[in-house]
Amino acid sequence: MNIVVSYDISEDKRRTKIHKVLKSYGQWVQYSVFECQLNDTQYAKLRSRLNKLIKPDTDSIRFYFMCACCFGKVERIGGEQPRDENIFFAECADG
């Protein structure tokens, strides 16, 4: 299933945790917006993990389900896609 996930999290630390969880399930496309292609099990796991992190009285996360046809028709105007500033180094075991 194709899902667009948006979130509004009031605290930086929780927002960072939400971002990290979503990053492991989908593509970051705008600040606070991810596109995810998941099966039912992955979606259930993602939803459960996010539900444990938020404060329901101040935070919100929205899931927009899109059919494959609509998901392929997403258009973007202006702005650059956010870049992940994390740098990963690979180290060879034999030096």
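Q: Which residue of S3 stands opposite Gly26?
A: In this predicted model, Gly26 faces Cys36 of S3. Take that as one point on a strand pair. S2 and S3 run antiparallel, and four bridges join them.

Q: In what order do the four strands lie in the sheet?
A: Two strands need at least two bridges to count as paired. Follow the partners, and the order here is S2-S3-S1-S4. The sheet is open and the pairing antiparallel.

Q: Which strands stand at the edges?
A: Look for strands with one partner. S2 and S4 each have a single partner strand, so each has one side without a neighbour in the sheet. From one strand to the next, the twist averages 25°.

Q: Which strands does H1 touch as it packs on the sheet?
A: Contacts first, then direction. H1 touches S1, S2, S3 and S4. Its direction makes about 170° with that of S1.

Q: And where does H2 lie?
A: H2 crosses S1, S3 and S4. Against S4, H2 runs at about 165°.

Q: What pattern does the protein follow along the sequence?
A: Start with the count: three helices and four strands. In sequence order they read β-α-β-β-α-β-α.

Q: How do I read the largest nonpolar core, and which residues touch the most other members?
A: The general idea: nonpolar side chains tend to be buried together in soluble globular proteins. Here the largest such core has 18 residues. Ile18, Leu22, Leu50 and Ile61 touch the most other members. S1, H1 (12-23), S3, H2 and S4 supply at least two core residues each.

Q: What does Ile18 touch?
A: Set aside residues up to four places away in sequence. Ile18 then touches Tyr7, Ile9, Leu50, Leu53, Ile54 and Ile61.

Q: How many aromatic pairs does the structure hold?
A: Four. Judge each by ring centres and plane angle. For Tyr7 and Phe34 the centres are 6.5 Å apart and the planes stand at 25°; planes under 30 degrees apart count as stacked, so this pair is stacked.

Q: Which parts of the chain does that pair link?
A: Distant ones: Tyr7 sits in S1 (residues 2-8) and Phe34 in S3 (residues 33-37), 27 residues apart.

Q: Is Tyr7 buried or exposed, and what about Phe34?
A: Check relative accessible area; under 20% means buried. Tyr7 has 8%, so Tyr7 is buried. Phe34 is at 0%, so Phe34 is buried too.

Q: What kind of pair do Tyr43 and Phe63 make?
A: Apply the angle again: over 60 degrees is edge-to-face. Their centres are 5.5 Å apart and their planes at 90°, so the pair is edge-to-face. Tyr43 belongs to H2 (residues 40-53) and Phe63 to S4 (residues 60-66), so the pair ties together parts 20 residues apart in sequence. Tyr43 and Phe63 are both buried. Ring pairs also join Tyr43, Phe63 and Phe65 into a cluster.

Q: Which backbone angle should I look at in Ser32?
A: Phi. Ser32 is not a glycine, yet its phi is positive, about 70°. Ser32 is in the loop between S2 (26-30) and S3. Its relative accessible area is 23%, so Ser32 counts as partly exposed.

Q: What share of the protein's residues count as buried?
A: Of 95 residues, 29%. Turn to the surface: the protein exposes about 7300 Å², and carbon and sulfur atoms supply 50% of that area.

Q: What share of contacts join residues at least 24 apart?
A: Take contacts between residues at least 6 apart in sequence; 74% of them join residues at least 24 apart.

Notes. Residues are numbered from 1 along each chain as its sequence is written. This is a predicted model: local features need pLDDT of at least 70, side-chain atom pairs count only at pLDDT 80 or more; totals for chains, interfaces and linings use all residues. Side-chain values use heavy atoms; hydrogens and water are left out. Rings of Phe, Tyr and Trp (its six-membered ring) pair if their centres lie within 6.5 Å; planes under 30 degrees apart count as stacked, over 60 as edge-to-face and the rest as tilted. Buried means under 20% relative accessible area, exposed over 50%, partly exposed in between (1.4 Å probe, protein chains only). A nonpolar core is a set of buried Ala, Val, Leu, Ile, Met, Phe, Trp, Tyr and Cys residues joined through side-chain atoms within 4.5 Å. Contact means heavy atoms within 4.5 Å. Axes are lines fitted to C-alpha atoms, for helices over the stretch in contact, and angles run from 0 to 180 degrees between N-to-C directions. Accessible areas come from the Shrake-Rupley method with a 1.4 Å probe; for residues, only the protein chains shown count as cover.
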